[in-house]
Amino acid sequence: MGKVVLVTGVARQLAGRFVRRVQREPEVGRVIAVDAVPPEHDLGDAEFVRADIRQPMIGKILAQHSVDTVVHLDVSGTALGAGGRTQAKETNVIGTMQLLGACQKAPTVQRLVVKSTTSVYGSAPRDAAVFSETTPVKSLPSGGFAKDAVEVEGYVRGFARRRPDVAVAVLRFANILGPRADTPLAEYFDLPILPTVLGYDPRLQFVHEDDVESVLLVATLEARRGTLNSGTFNVAGDGVLLLSQTARRLGKPTVPVFLPAVTWLGQMLRTAGVTDFSREQIRLLTHGRVVDTRQMRETLGFVPAYSTAETFSDFARSRGPGLLPPDRVARAVDRLAAVLPPAARAAADGDPVDGGAAVRS
């Protein structure tokens, strides 16, 4: 018969792509796609069930279809439709509680995969330079999606203790980007001018949306020889980028703003519906965050196809040139250099003009 995989949150693009991909695997017999909102995208041969995971009906679905693998992707920073932050929190926290309660009572469930985020580590000035999965967190997130994720992971750990027979994988994703990304950070990078925090240039990590699908597949199916696909894993592309580097690669100017004014600016953008410039995102764009991915490679056995820089380059190409495309700026500098007199050109390059006299006292 093959595996019976239930996926939550399928109205979102990422979960929809994963549903279409996992059903092509030979060891998967059926895919049950669940969401409270009908998806606008195609789900292939998956069976869509309209259900709210906050309601007890999810338990009946698990029993009716004899589900053995649950992939919980309905954990997100934004709600679909007009529900706003309140609905998102209820789905993240109450929905996860209800789903885990149903899984606990379902004897057929053998594997649980949960989408989480590296935001659980927070972003603070005295944080560790690199977070591993076991690094003590000095400043837990106080609100927003990051706090939801901390609560979700707590409930998942409780479930794992009550059902030790179930293989549980928690995937902490860095910021997800790609040509089809619809995350709050992608919305920030879509702004024509990027507001930044004056005096800060944070280190950022990204994971490509294609790699997200691939690692979810690794965690969902049987582990390859020499690996273990249960546990908690940081998932991110190799390397880091500074925020200033991302702006240059997008060809967009930045506007440094004093930290107190950034919060006010974020509220304005959020009220106007331009982007969800939350407090946790402001902290990320102030202090940054970098995670260690050794366990992802050595224990989970997954190697991303895209580095952080390659992920951002693919995202930037899909957005088109900004106000200051790097190649156009470079050509303008070259044209300016061509018309400058030799002395001015040498001074602009930082070279001595008269054989060394410029550097003598």
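**Exercise 1. A link from a loop to helix α3**

Find the charged partner of R54 in this predicted model and say where the two residues sit.

*Solution.* Start at the side chain of R54, which forms a salt bridge with E90; the closest N and O atoms are 2.8 Å apart. Next, place both ends: R54 belongs to the loop between β3 (47-50) and α2 (57-64), and E90 belongs to helix α3, so the pair links distant parts of the chain, 36 residues apart. Finally, check the surroundings of E90: its relative accessible area is 35%, and E90 is therefore partly exposed. As you go on, keep in mind that the structure holds 18 salt bridges.

**Exercise 2. How α3 and α4 pack**

Describe the geometry and the contact of helices α3 and α4.

*Solution.* Two packed helices are described by the angle between their axes and the distance between the axes. Here the axes of α3 (residues 84-105) and α4 (residues 144-162) come within 10 Å, and they cross at roughly 5°. This angle makes α3 roughly parallel to α4, because angles under 35 degrees count that way.

Now list who meets whom. From α3 come R85, A88, K89, N92, V93, T96, M97, L100, C103 and Q104. On the α4 side they meet G144, F145, D148, E151, V152, Y155, V156, F159 and R162. Sorting the residues of this contact gives 10 nonpolar, four polar and five charged.

**Exercise 3. A salt bridge between the two helices**

Which residue forms a salt bridge with D148, and is D148 buried or exposed?

*Solution.* The partner is K89, with the closest N and O atoms 3.1 Å apart. Because D148 lies in helix α4 and K89 in helix α3, the pair ties together parts that are 59 residues apart in sequence. Then compare each accessibility with the cut-offs: buried means under 20% relative accessible area, and exposed means over 50%. D148 has 0% and is therefore buried. K89, at 33%, counts as partly exposed.

**Exercise 4. A longer reach in sequence, and a network**

Locate the two ends of the salt bridge between D190 and R319 and classify their accessibility.

*Solution.* Begin with the distance: the two side chains meet at 2.9 Å, N to O. D190 is in the loop between α5 (184-189) and β8 (194-197), while R319 is in helix α11 (residues 308-319); the pair links distant parts of the chain, 129 residues apart. For accessibility, D190 has a relative accessible area of 36% and is partly exposed. R319, at 26%, also counts as partly exposed. To finish, look for salt bridges that share partners: they join R17, R21, R180, E209, D210 and E213 into one network.

**Exercise 5. The surroundings of T246**

Work out what surrounds T246 in helix α7 (residues 243-250).

*Solution.* First comes accessibility: at 0%, T246 counts as buried. Second, follow the polar end of its side chain, which reaches the backbone oxygen of L243 at 2.6 Å. Third, set aside neighbours within four places in sequence; T246 is then in contact with F189, F206, L241 and F312.

**Exercise 6. A backbone angle to check**

What is notable about phi of S66, and where is S66 found?

*Solution.* Phi of S66 is near 50°, a positive value in a residue other than glycine. S66 is found in the loop between α2 and β4 (69-72). With 40% relative accessibility, S66 counts as partly exposed.

Conventions
Residues numbered from 1 in each chain as written. Predicted model: local features only at pLDDT ≥ 70, side-chain atom pairs only at ≥ 80, totals over all residues. Heavy atoms only, no water. Axes fitted to C-alpha atoms, helices over the stretch in contact; angles between N-to-C directions. Helix = DSSP H or I, 4+ residues; strand = E, 2+ residues; numbered from the N terminus. Parallel < 35°, antiparallel > 145°, perpendicular 65-115°, else oblique. Contact = heavy atoms within 4.5 Å. Nonpolar A, V, L, I, M, F, W, Y, C, P; charged D, E, K, R; others polar. Salt bridge = Lys/Arg side-chain N within 4 Å of Asp/Glu carboxyl O. Buried < 20%, exposed > 50% of the residue type's maximum accessible area, 1.4 Å probe, protein only. Polar contact = N/O pair within 3.5 Å; in protein donor to acceptor, adjacent residues only side chain to side chain.
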